Amino acid sequence: MGDNVAMKILKEHLVEGKLVPGQEIALRIDQTLLQDATGTMAMLEFMAMGLPRVKVELAAQYVDHNLLQTDNKNADDHAFLTSAAQRFGVYLSKPGNGVSHQVSLERFGVPGTTLLGADSHTPTAAGLGQLAIGAGGLDVALAMAGHHFHLTCPRIWGVKLTGQLQPWVSGKDVILEMLRRHSVKGGVGKIIEYYGPGVATLSATDRATIGNMGAELGATSTVFPSDQHTLAFLKAQGRGEVWRELLPDPDATYDDHDEIDLSQVVPLIACPSSPDNVVPVSEIEGLKVDQVIVGSSVNSSFRDLMTVCRILDGRKVAPGVAFHINPGSRQVLENVVAQGGFIMLLLAGGQVHQPGCLGCIGMGQAPGTNQVSLRTFPRNFPGRSGTKEDRVYLCSPETAAAAGVFGVVTDPRKLSDLLPWPAVQNPEQYLLDDAGIIVPPEDGSAVEIVTGPNIVPFPEFPALPDQLDVEVIIKVGDNISTDTIMPAGNKVLPFRSNIPAISKFVFEQVDPEFADRASQKGEGAVIGGENYGQGSSREHAALAPRYLGIRVKIAKGFARIHRSNLINFGILPLTFKNKDDYDRIKQGDRLQLTNLRELIQGGATEIPFKVNGGEILTQLAVSERERAELLAGGLLNKVKEETNGGQS
């Protein structure tokens with residue numbers, strides 16, 4: 001039987017293991033991606049390895065998250081990243097140049113290659129037939145150092161697309177339909193591959209939108225074929241020479257299946273406060289809207305923004321609505337300006353911001369109390385906007401623009417009463433300007449790395465002890481996101497390079513006393529429900545709790561990236577063998593785990609612990625490599641042991 005696209009790329013990059021779902025494999029990584037919210041710590045981790053230059057084929061550092069400079073912290077860290085990029089041979093995309101995923105798609109993505117990024121939305125690169133995977137910063141730092149990337153071999157989930165999208169319906173509605181069907185857990189342990197005749201009707205940037213939000217399904221990655229649409233986009237970017245055709249074999253098979261008739265997809269919207277709380281827009285029509293934001297890491301391409309421009313052309317944003325536009329890149333903005341779109345937005349009353357993530361990561365643009373905010377963003381987790389008990393809805397650019405025109409949630413198909421469907425296409429040739437990207441110098445050895453006072457050395461962690469007697473510091477429910485564990489926003493993210501400072505914000509949204517309580521106890525445990533740690537790849541959601549003394553997390557189930565980050569920093573990720581045992585534990589209980597080192601070294605898959613006079617069995621699903629990392633107290637400790645010939 002033939003291979004699908006995902007399997008072809010996996011086979012080309014496999015260096016360890018067998019491509020059997022559930023078994024650990026290692027892949028060769030061609031490109032890496034860092035952004036400033038994760039990259040500062042990742043760059044410090046890379047520097048700790050003592051290498052003079054990155055060993056990966058292409059490494060890129062983007063400054064797109066922490067753009068607000070309300071004091072010295074972000075500016076200092078940007079200076080650090082600039083000097084470190086020059087020193088170690090990393091491409092740098094400066095502040096205002098654009099969101100990492102959009103710029104990577106434009107200037108660096110290559111079909112059939114692998115990209116590892118310290119951002120969960122790295123699979124945006126699916127738009128070019130690139131296998132892109134989000135990971136923790138430490139995993140990306142190791143890839144920059146030439147190490148292979150280890151992961152559990154995923155299942156390949158084939159989603160057959162037929163038909164063609166109707167007017168006023170776009171790629172965002174396709175991925176919202178997937179979330180409506182399958183929830184935020186539906187893609188866990190899987191690579192989603194879209195195939196079938198409907199694929200040929202989707203542009204590269206529509207595919208990028210669908211790939212971006214595959215992360216909200218919990219998927220390892222998303223891939224599309226590399227076809228004539230891919231070639232057209234690369235030619236328009238002046239990079240046609242990197243194209244290769246990459247299609248599934250006619251007799252390709254998949255581990256799991258679904259099918260979507262694109263002609264039957266309707267405008268959809270995700271209601272507060274989860275990306276899978278999806279209903280047709282028509283079901284909530286008439287809801288008053290206070291804020292609209294178009295852009296960020298998804299729906300910020302030329303096609304998306306120009307569609308909004310055409311809808312607003314000659315009209316005014318409805319009274320009482322704040323309408324924001326966040327372009328995905330300088331290139332997008334430059335091309336929108338060239339097509340006359342910028343003046344359309346200004347005359348309509350829109351507020352055009354610099355290219356960047358901005359409100360998507362809580363960096364400004366927070367809505368007011370009880371205000372309804374429609375956003376084309378990928379996430380609407382509680383409080384992520386920067387406002388407690390926010391009311392954030394996720395939608396397409398068409399639906400966002402319709403709300404801007406009418407002032408209430410409106411099915412965008414009703415815009416046909418005002419204007420013909422814009423049917424915007426991506427340019428045959430983009431205006432190109434790479435002045436915002438610094439090419440790595442031939443020799444960066446003379447570059448002095450600039451460090452500000454907010455950059456604190458990476459903390460040292462001890463090896464795993466044989467016995468743990470720990471208190472349950474907090475117990476939480478299902479689908480806890482990394483935003484809940486380690487909040488983002490302009491108050492917290494500037495401390496990303498200062499673990500002692502950022503640790504004070506752990507679980508702040510749900511338990512403001514958590515950090516103080518954890519510090520006082522010395523060592524502790526966290527109890528969680530299903531899909532614990534979903535969402536952002538930020539490793540600080542593991543690193544900061546570890547700094548506070550958390551040694552074990554026991555949950556009904558873990559999200560992929562967070563589970564890996566826990567192991568990277570020496571926290572035991574245990575799952576309940578009997579999920580009903582979750583109910584037997586409460587905050588403040590003490591857990592006793594004995595003979596840990598012997599059990600882990602011996603390959604035990606079950607770890608018992610005592611609580612409230614009884615015993616509970618948990619499961620430890622880790623590879624031999626991960627066992628060694630846990631015993632060492634984390635991945636960096638293990639790397640140091642290997643570097644020092646086995647001596648820690």
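The following paragraphs describe the nonpolar cores, the sheets, selected buried residues, the cysteines and the unusual backbone geometry of a predicted model.

The largest nonpolar core comprises 85 residues, among which Phe507, Phe514 and Tyr532 touch the most other members. The largest share of this core, six residues, is contributed by helix H5, which spans residues 137-144. A second core, separate from the largest one, holds 47 residues, including Leu128, Leu312, Tyr393 and Val409. When residues up to four places away in sequence are set aside, the contacts of phenylalanine 507 are Ile474, Val476, Thr484, Ile485, Pro512, Phe514, Val526 and Tyr532. One of these contacts, Val526, belongs to the buried residues of strand S22.

Strand S22, formed by residues 524-528, has five of its five residues buried, and it is therefore largely enclosed by the rest of the structure. The burial extends to both faces of S22, with Gly524, Val526 and Gly528 on one side and Ala525 and Ile527 on the other. Strand S21 (residues 468-475) pairs with S22 in the parallel sense through four bridges, and within S22 it is glycine 524 that stands opposite glutamate 471. Strand S23 (residues 550-555) also runs parallel to S22, to which it is joined by five bridges; here alanine 525 has valine 552 of S23 as its bridge partner. The connection from S22 to S23 passes through helix H16 (residues 540-547), and the resulting β-α-β crossover is right-handed.

A further sheet is open and contains six strands in the order S7-S6-S3-S4-S5-S20, with mixed pairing. Its edges are occupied by strand S7 (131-134) and strand S20 (437-438), each of which has a single partner strand, so that one side of each is left without a neighbour in the sheet. Within this order, strand S3 (residues 31-35) and strand S6 (residues 114-117) run parallel and are joined by three bridges, with glutamine 31 having leucine 115 of S6 as its bridge partner. Helix H5, the source of the largest share of the largest core, lies across S3 and S6 and runs at about 135° to S3.

Two residues from other elements illustrate the surroundings of individual buried positions. Asparagine 568 is located in helix H17, which covers residues 560-568, and with a relative accessible area of 4% this asparagine is classed as buried. Apart from residues up to four places away in sequence, asparagine 568 touches Leu138, Asp139, Glu629, Gly634, Leu635 and Leu636. Isoleucine 192 is placed in strand S10 (residues 190-195) and is likewise buried, its relative accessible area being 0%. Beyond residues up to four places away in sequence, the contacts of isoleucine 192 are Trp157, Val159, Met178, Leu217, Ala219, Ser221, Thr222 and Val223. Isoleucine 293, by contrast, is separated from isoleucine 192 by 101 residues in sequence and by 28 Å in space, taken from C-alpha to C-alpha.

With regard to the cysteines, a search of the whole structure returns zero disulfides. Cysteine 153 counts as buried at 4% relative accessibility. Cysteine 357 takes part in no disulfide, as the nearest cysteine sulfur, that of cysteine 360, is 6.3 Å away. Cysteine 357 is buried as well, with a relative accessible area of 5%.

Several features of the backbone geometry occur in loops. The peptide bond leading from proline 272 to serine 273 is cis, with omega near -5°, and serine 273 falls in the loop between strand S13 (268-270) and strand S14 (278-280). Glutamine 365, although not a glycine, has a positive phi of about 65°; its position is in the loop between strand S17 (351-352) and strand S18 (372-375). A positive phi, near 50°, is also found at glutamate 389, again a residue other than glycine, and glutamate 389 lies in the loop between S18 and strand S19 (391-394). As to accessibility, glutamine 365 is buried, with a relative accessible area of 12%, whereas glutamate 389 is exposed, with a relative accessible area of 73%.

Note on methods. Residues numbered from 1 in each chain as written. Predicted model: local features only at pLDDT ≥ 70, side-chain atom pairs only at ≥ 80, totals over all residues. Heavy atoms only, no water. Core = buried A, V, L, I, M, F, W, Y, C linked by side-chain atoms within 4.5 Å. Buried < 20%, exposed > 50% of the residue type's maximum accessible area, 1.4 Å probe, protein only. Helix = DSSP H or I, 4+ residues; strand = E, 2+ residues; numbered from the N terminus. Contact = heavy atoms within 4.5 Å. Pairing = 2+ DSSP bridges. Right-handed = clockwise from strand over helix to strand, strands pointing away. Disulfide = S-S within 2.5 Å. Axes fitted to C-alpha atoms, helices over the stretch in contact; angles between N-to-C directions.
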